[in-house]
Amino acid sequence: MASQVNLEQLSQQYTKLQSDLSDLVRARQKLETQFQENKIVKEEFDRLDDDAKIYKLVGPVLLPQDNSEANLNVDKRIEFITGDIARVEEKIQQHQKDLENIQSILVNAQTA
Amino acid sequence: MVVDLTKLEPEQILEFKRQLTTEVDHLQTSFQALKTAQAKYQECGDNVRQVNSSSKKELLVPLTSSLYVPGKIKENDKFLIDVGTGYYIEKDTKQSLEFFQARLTKLDEDSKKLEQLINEKSQVVERVNGILRSKIMEREKKQ
C-alpha cells in the first residue's frame, strides 16, 4: 500500500514536471525571439555612420538618443538575454533529467 | 533513434502522422508570417518612393481612424525607420530604400528555405500516409 501511495506521488510529480518543462520551453522560445530581434538591431547599428541619428520610443514619444549610448544599451541587453538563455537551458536539462529518473522508476515499478 | 515505420502498429503510425501534421501546420503559419512581413516592407518602400517623388507636399494626417487634418511634408528626404526593440533611425531616401531592400532580400531567402523544408515535410507525411494505408489494408485482410 505504501508503495502505491509513493507511485501516485511520483506520477503526480511527473505531470507537474512535464508542465513546468513546457513552460520553460515556451520561455526559451520567447528569449530566442528577443535575442534575434536585438541581434538584428545590433547589426543595423553596426552599419550606421557615426553621425546617424537614433531615436528611442519611450511610451508614445520618440526621444533622441546618443549613438554610443544606444549601442551600449543593445550590447547590454544581448548580454542579459544570453545569460537568461543559459539559465533556462540549464533548468530545461535538469527537468529532463528528473523526468527520465521518474520515468525509469515508474517503468521498473510496473514491470516488477 | 531509428524506428522502422512498417513495423509499428497503425495506431502508432497515426500518432506519428499527427505530430508531423502539427509540425507542417506550424511551418505553414511561419511561412505566412514571412509573406506578411514582406508585403509590409514592400509597402514601406513604395511609400518612401511616393513621398520622395511627389512635389505636392500636402497630405492628410490621420489623428484617429476617422479624423484627418491637413498637413505638409517639410522634408521629403528624411525618414525615421523602426529597426526593432523601440529604436528608430533617421535615414534619407536612398538609405531607407536600401534598408527595405535588404530586409526584403533576407525575408526572401528565409521563405525559400522554409518553403523547401515544408515541401520535404509534406513528402514525409505523404509517405507515412502510404504506409498507414497499406497497414490498414493488411489488417483488414487478416480479419
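The following questions and answers cover the contact, the shared sheet and the helices of a predicted model with chains A and B.

Residues are numbered from 1 along each chain as its sequence is written, and chains are lettered from A and ligands numbered from 1 in the order in which they are written. In this predicted model, local features need pLDDT of at least 70 and side-chain atom pairs count only at pLDDT 80 or more, while totals for chains, interfaces and linings use all residues.

Visitor: Which element supplies the largest share of the side of chain A that touches chain B?
Guide: Contact here is defined by C-beta atoms, placed from the backbone, within 7 Å. It takes 14 residues from chain A and nine residues from chain B. On the chain A side, α1 (2-47) and β1 (54-58) each supply at least two residues; helices (H or I, at least four residues) and strands (E, at least two) are DSSP runs, numbered from the N terminus. The largest share, five residues, comes from α1(A).

Visitor: How is the side of chain A that touches chain B divided by class?
Guide: Ala, Val, Leu, Ile, Met, Phe, Trp, Tyr, Cys and Pro count as nonpolar, Asp, Glu, Lys and Arg as charged, and the others, Gly among them, as polar. On that basis the side of chain A has nine nonpolar, one polar and four charged residues.

Visitor: What is the strand order of the open sheet?
Guide: Strands pair if DSSP finds at least two bridges between them. β1(A) pairs with β4 (residues 87-91) of chain B in the antiparallel sense over three bridges, and β3(B) pairs with β4(B), also antiparallel, over five bridges. The edge strands, each pairing on one side only, are β2 (61-65) of chain A and β3 (79-84) of chain B. The order of the four strands is β2(A)-β1(A)-β4(B)-β3(B).

Visitor: Which residue is the bridge partner of A:Tyr55 in β4(B)?
Guide: The residue in question lies in β4(B), where B:Asp82 also has its opposite residue. For A:Tyr55, the bridge partner is B:Tyr88.

Visitor: What angle does the direction of helix α2 of chain A make with that of β1(A)?
Guide: Axes are lines fitted to C-alpha atoms, for helices over the stretch in contact, and angles run from 0 to 180 degrees between N-to-C directions. Helix α2 (residues 67-111) of chain A packs on the sheet and touches β1 and β2 of chain A together with β4 of chain B. Its direction and that of β1(A) make an angle of about 55°.

Visitor: Is α1(B) roughly parallel or antiparallel to α2(B)?
Guide: Helix α1 (residues 10-53) and helix α2 (residues 93-142) of chain B pack at an angle of about 160°, with their axes 8 Å apart. Angles under 35 degrees count as roughly parallel, over 145 as roughly antiparallel, 65 to 115 as roughly perpendicular and the rest as oblique. Therefore α1(B) and α2(B) are roughly antiparallel.

Visitor: How far apart are the end C-alpha atoms of residues 97-127 of chain B?
Guide: UniProt lists these residues of chain B as "coiled-coil region" in an unreviewed entry; positions follow the numbering used here, feature names are shortened, and annotations may be inferred rather than shown by experiment. The span is 100% helix and 0% strand. Its end C-alpha atoms lie apart by 45 Å.

How values were computed: Contact = placed C-beta atoms within 7 Å.
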